[in-house]
Amino acid sequence: MRATRALIYLNRFRENIRAVAGLVGRRKICVPVKADAYGHGALPLARAALDAGADFLAVALVQEGEELRRGGIRAPILLLSQCSDEELGDLAEHDLSPLVSGAACIDALAEAARAAGKELRVHLKIDTGMGRAGCRPEEAAALAGRVLSCGSLRLAGTATHLAASDSPAGTAYTGDQLRRFGEAVAAIRAAGIDPGFLHAANTGGVLYHPDSWLDMVRPGILLYGYRPGPKPPELAVRPVMELRSKVAAVKAIRAGESVSYDRTWTAAEDTLTALIPIGYADGLRRGLSNNWRVGIRGRSYPLIGRICMDQCVADLGGTGGGVAPGDDVVLFGEQPGNTAPSDTAPGDTAPGDAALMAEKLGTIPYEITCGIGKRVPRIYIDAEE
């Protein structure tokens with residue numbers, strides 16, 4: 001097996017789901033496993049989610065739903081993004097539950113369901129302020145009626161998506177979204193239609209807006225171990241993924257010699273370096289060049305020079321810290337007994353998690369875990385720690 005690998009802790013994933021369940025109480029939980037479960041592996045994570053008590057799974061693509069069905073998943077699967085007309089037959093065949101937001105979409109789905117001899121469960125999506133997919137609140141009752149009149153469709157739920165729930169500055173806006181959603185749901189009920197499960201809360205909603213919990217919650221990145229804002233002390237989650245490799249070689253570099261492309265790092269004194277077989281093709285972003293630390297043997301060392309497509313280099317210092325080829329390297333994740341050399345910048349922890357890596361790159365942890373390449377094998381760990 002390749003030295004570079006991503007460790008996926010299924011036990012942590014289940015613990016995170018149970019922590020959310022303990023917070024939201026009786027509400028149902030929908031676990032998004034789109035984008036290959038945020039880079040963690042859709043099928044193993046889907047099975048773990050259901051083992052932990054999840055009620056629904058969610059995907060973005062029909063193909064993602066097909067993969068789960070072929071893997072033996074029989075739980076309800078929400079399709080969060082609109083599919084093409086060419087995919088409607090597959091959607092119906094695999095009993096996916098799409099979000100609908102327009103008359104044409106509803107009519108096409110109804111025809112696909114009739115052709116498949118099935119009744120499809122759909123969820124009406126209302127745009128209350130996200131500005132992407134969804135009908136306007138004032139259109140909701142009429143569209144719910146259209147679903148009801150099709151015969152081959154059943155309105156199983158009504159949903160919206162919160163745009164600013166993870167930001168303190170977005171508190172008022174989130175309140176406005178929930179008010180608009182409530183008014184739209186009231187209009188559906190006034191028309192004599194059952195709106196089904198009501199759901200709005202994403203990760204930010206779960207953490208900071210209990211009034212958004214409704215009948216079901218859809219936390220995403222929270223279940224994979226990351227928070228978009230301040231950590232609530234009553235909810236503990238742990239990152240599910242760790243990225244590791246091994247030292248391929250240790251090499252002596254003399255003072256004045258440079259390392260890697262463009263000569264962005266030059267040795268100020270004689271030092272030893274570790275060659276690590278992971279690069280930007282694996283998801284170790286080039287923007288971390290000279291801007292990240294890795295863990296080896298319980299200590300941290302800076303990456304130096306440009307990160308290449310397939311490899312990178314760490315500076316071990318003049319003594320080398322006893323590092324040898326074959327030693328484990330933590331790119332992000334936990335490293336028991338970690339201590340930092342004296343040159344570690346104040347406040348810099350190493351190795352950090354995907355959230356710290358994202359902060360270094362000016363992005364979000366979703367992009368880090370989703371960006372770990374397919375050529376990095378996933379190793380699934382399911383044990384108590």
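Let us start with helix H3 (residues 42-51), where Ala42, Leu43, Leu45, Ala46, Ala48 and Ala49 are buried. This is a predicted model, so everything below describes computed geometry. An α-helix has 3.6 residues a turn, so residues three or four places apart point the same way. Just after H3, Gly53 adopts a positive phi of about 105°.

**The core around Phe13**

Two of the buried H3 alanines lead us straight to Phe13. Setting aside residues up to four places away in sequence, Phe13 touches Val31, Leu45, Ala48, Ala49, Leu223, Tyr224 and Val240. The largest nonpolar core has 102 residues, and Phe13, Val31, Leu68, Leu124 and Leu153 are the ones that touch the most other members. A second, separate core has six residues, including Ile253, Val259, Ile304 and Val313.

**Aromatic pairs**

Which residues join Phe13 in a cluster linked by ring pairs? They are Tyr38, Tyr224 and Tyr366. In total there are four aromatic pairs in the model. For Tyr38 and Tyr224, the ring centres are 4.5 Å apart and the planes meet at 15°; planes under 30 degrees apart count as stacked, so this pair is stacked. Tyr38 belongs to helix H2 (residues 34-38), while Tyr224 sits in the loop between strand E9 (216-217) and strand E10 (241-246), so the pair ties together parts that are 186 residues apart in sequence. Both Tyr38 and Tyr224 are buried.

Phe56 and Phe197 make another kind of pair: with ring centres 6.0 Å apart and planes at 85°, they are edge-to-face. Phe56 is in strand E3 (residues 56-59) and Phe197 in strand E8 (residues 197-201), so this pair too links distant parts of the chain, 141 residues apart. How do the two rings fare for accessible area, buried or partly exposed? Phe56 is buried, with a relative accessible area of 9%, whereas Phe197 is partly exposed, at 30%.

**Charges over rings**

Two arginines lie over tyrosine rings, as the table shows.

| Arginine | Ring | Distance from ring centre |
|---|---|---|
| Arg12 | Tyr9 | 3.8 Å |
| Arg180 | Tyr173 | 6.0 Å |

**Thr4**

Now to a polar residue at the start of the chain's numbering. Thr4 is placed in the segment before strand E1 (5-9). Is Thr4 buried or exposed? Thr4 is buried, because its relative accessible area is 0%. Its side chain makes a polar contact of 2.7 Å with the side chain of Ser245. Apart from neighbours within four places in sequence, Thr4 is in contact with Arg244, Ser245, Pro277, Ile278, Val376 and Pro377.

**Helix H10**

We close with another helix, H10 (residues 354-361), in which Ala354, Leu356, Met357, Ala358 and Leu361 are buried. What do the buried residues of H10 pack against? Their partners are strand E18 (328-332) and helix H11 (365-370). At the start of H10, Asp353 brings a side-chain oxygen to within 3.0 Å of the backbone nitrogen of Ala355. After H10 comes Gly362, which has a positive phi near 70°.

How values were computed
Residues are numbered from 1 along each chain as its sequence is written. This is a predicted model: local features need pLDDT of at least 70, side-chain atom pairs count only at pLDDT 80 or more; totals for chains, interfaces and linings use all residues. Side-chain values use heavy atoms; hydrogens and water are left out. Rings of Phe, Tyr and Trp (its six-membered ring) pair if their centres lie within 6.5 Å; planes under 30 degrees apart count as stacked, over 60 as edge-to-face and the rest as tilted. Helices (H or I, at least four residues) and strands (E, at least two) are DSSP runs, numbered from the N terminus. Buried means under 20% relative accessible area, exposed over 50%, partly exposed in between (1.4 Å probe, protein chains only). A charge sits over a ring if NZ of Lys or CZ of Arg is within 6 Å of the ring centre and within 35 degrees of the ring normal. A nonpolar core is a set of buried Ala, Val, Leu, Ile, Met, Phe, Trp, Tyr and Cys residues joined through side-chain atoms within 4.5 Å. Contact means heavy atoms within 4.5 Å. A polar contact is a pair of N or O atoms within 3.5 Å; within protein, one must be able to donate a hydrogen and the other to accept it, and residues adjacent in sequence count only if both atoms are side-chain atoms.
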